[in-house]
Amino acid sequence: MADTNIPAAPKGATGILVLADGTIVWGRGFGATGSAVGEVCFNTAMTGYQEVMTDPSYAGQIVTFTFPHIGNVGTNDEDVEADAPHALGCIVREDVTEPSSFRNNKPFDQWMADQGRIGLSGVDTRALTRRIREAGAPNAVIAHDPDGQFDIDELLAKARDWAGLEGMDLAVEVTGHQTKIWDSGIWRLGDGYAPLEGMETRPHVVAIDFGAKRNIFRNLVNAGAKVTVVPAQTSLDDIMALEPAGVFLSNGPGDPAATGEYAVPVIQALLDKDVPIFGICLGHQMLALAAGATTVKMFQGHRGANHPVQRHEDGTVEITSMNHGFAVDGETLPDTLEATHTSLFDGSNCGVSFKEKRAFGVQYHPEASPGPQDSFYLFRKFVEML
């Protein structure tokens with residue numbers, strides 16, 4: 001038997017979460033059946049569960065939602081950030097209810113099943129979140145079997161054998177594989193994401209896709225850019241052949257130091273050519289790495305839509321959306337960089353800018369409409385820089 005005290009499965013339990021330390025959490029499974037192994041994190045946002053599940057930055061992770069009512073507005077084809085979900089599964093307090101939104105196309109539990117993602121409801125998510133806050137984000141296996149039959153020894157071994165996110169390059173797994181033009185702007189009721197006119201006269205931004213959210217590209221277009229999206233491992237020569245007025249470095253999953261092995265030399269060459277650069281999340285981290293700073297794995301990470309960040313320039317506090325488990329070590333910033341934003345939760349670095357280059361990055365997600373528009377100015381700032 002596993003070296004753990006296994007609590008008896010409650011009546012009706014069809015799902016389970018097995019942490020690598022032997023902790024067992026029972027619940028009611030929904031969505032797909034089977035099992036998946038990854039890192040368990042928590043997200044404090046009250047809305048946006050479909051965007052969270054499809055955000056490529058959640059690759060390799062199982063999301064605990066602290067808001068109890070997840071799935072209550074259903075799902076639709078517009079509130080997605082990628083072609084398919086990237087979070088491995090989710091853990092929620094209440095059972096998924098009938099959709100209440102007029103925009104609903106499909107109930108959340110059915111959408112999860114169709115997308116091959118496992119859900120676990122009926123869990124004390126407050127207790128699980130406290131456990132993550134106190135002990136760090138654990139490796140675990142989430143599993144769903146309608147008959148409630150689980151080989152806990154096997155699941156525990158699977159959780160313990162998983163290497164974890166540190167040192168893992170996941171950008172190569174979630175990036176797009178073709179160069180494409182992005183021409184749609186931000187969402188509008190009744191119009192959706194309609195293409196915008198006059199692309200050819202706009203400054204050209206080449207966006208490197210390390211696992212980007214679609215709404216980033218929409219906001220770049222809305223701010224006045226023509227956007228060409230390229231895969232994560234695109235060479236410097238291929239980027240320059242597109243004649244960019246600026247380069248955008250996207251968000252993405254995994255360890256920035258691992259992805260940086262091939263991305264940082266390209267970024268450094270772009271800086272040497274004085275190409276304007278804007279980075280978000282993983283892109284921000286690799287921009288800092290290119291300058292000589294270092295990144296660190298965070299204890300629990302930042303994930304939610306209510307994170308206060310102070311802008312050094314004028315003291316303004318932005319309410320931001322975040323999703324990251326790694327961060328730039330603010331103590332390692334070289335003289336060529338200045339810190340521009342700081343988290344008011346824990347004092348971690350949330351923004352950098354080059355002193356002598358046209359390049360800057362932020363740790364948070366301005367495209368996710370926190371505030372709701374506190375941080376949209378960053379897209380305008382970048383396009384005006386071009």
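Trainee: Is Asp 329 buried, exposed or partly exposed?
Mentor: This is a predicted model, in which local features need pLDDT of at least 70 and side-chain atom pairs count only at pLDDT 80 or more, while totals for chains, interfaces and linings use all residues. Residues are numbered from 1 along each chain as its sequence is written, and side-chain values use heavy atoms, with hydrogens and water left out. Buried means under 20% relative accessible area and exposed over 50%, with partly exposed in between (1.4 Å probe, protein chains only). Because the relative accessibility of Asp 329 is 22%, this residue counts as partly exposed.

Trainee: Which residues does Asp 329 touch, not counting those up to four places away in sequence?
Mentor: Asp 329 lies in the loop between strand E14 (317-328) and E15, where strands (E, at least two residues) and helices (H or I, at least four) are DSSP runs numbered from the N terminus. With contact taken as heavy atoms within 4.5 Å, and with that sequence exclusion applied, the residues touched by Asp 329 are Thr 294, Thr 295 and Val 296.

Trainee: How many bridges pair E15 with E16, and which residue of E16 stands opposite Glu 338?
Mentor: Two strands pair if DSSP finds at least two bridges between them. Strand E15 (residues 337-343) and E16 form a hairpin with five residues between them, and Gly 347 in the turn has a positive phi of about 80°. Their pairing is antiparallel and extends over five bridges, and the residue opposite Glu 338 is Ser 353.

Trainee: Why is strand E16 described as largely enclosed by the rest of the structure?
Mentor: On its other hairpin, E16 is joined to E17 with four residues between them, and E16 and strand E17 (residues 359-362) pair in the antiparallel sense over three bridges. In E17, Gly 361 is the bridge partner of Val 352. Strand E16 (residues 349-354) is largely enclosed because its buried residues number six of the six.

Trainee: In what order do the seven strands of the closed barrel run?
Mentor: The pairing in this closed barrel is mixed, and the twist averages 35° from one strand to the next, with axes as lines fitted to C-alpha atoms (for helices over the stretch in contact) and angles running from 0 to 180 degrees between N-to-C directions. Strand E3 (residues 34-43) and strand E4 (residues 61-65) pair in the parallel sense over five bridges, with Cys 41 opposite Val 63. The order of the strands is E1-E2-E6-E5-E4-E3-E7.

Trainee: What angle does the direction of helix H4 make with that of E1?
Mentor: Helix H3 (residues 125-135) packs on the sheet, touching strand E1 (15-19), E3, E4 and strand E5 (89-91), and the direction of H3 makes about 75° with that of E3. Helix H4 (residues 152-161) also packs on the sheet, where H4 touches E1, strand E2 (24-31), E3 and strand E7 (139-144). The angle between the directions of H4 and E1 is about 45°.

Trainee: How many of the residues of E7 are buried?
Mentor: Asn 139, Val 141 and Ala 143 point one way from E7, whereas Ala 140, Ile 142 and His 144 point the other way. E7 runs antiparallel to E1, to which five bridges join it, with Leu 19 opposite Ala 140, and E7 also pairs with E3 in the antiparallel sense over six bridges, with Gly 34 opposite His 144. E7 is mostly covered, and the number of its buried residues is six of six.
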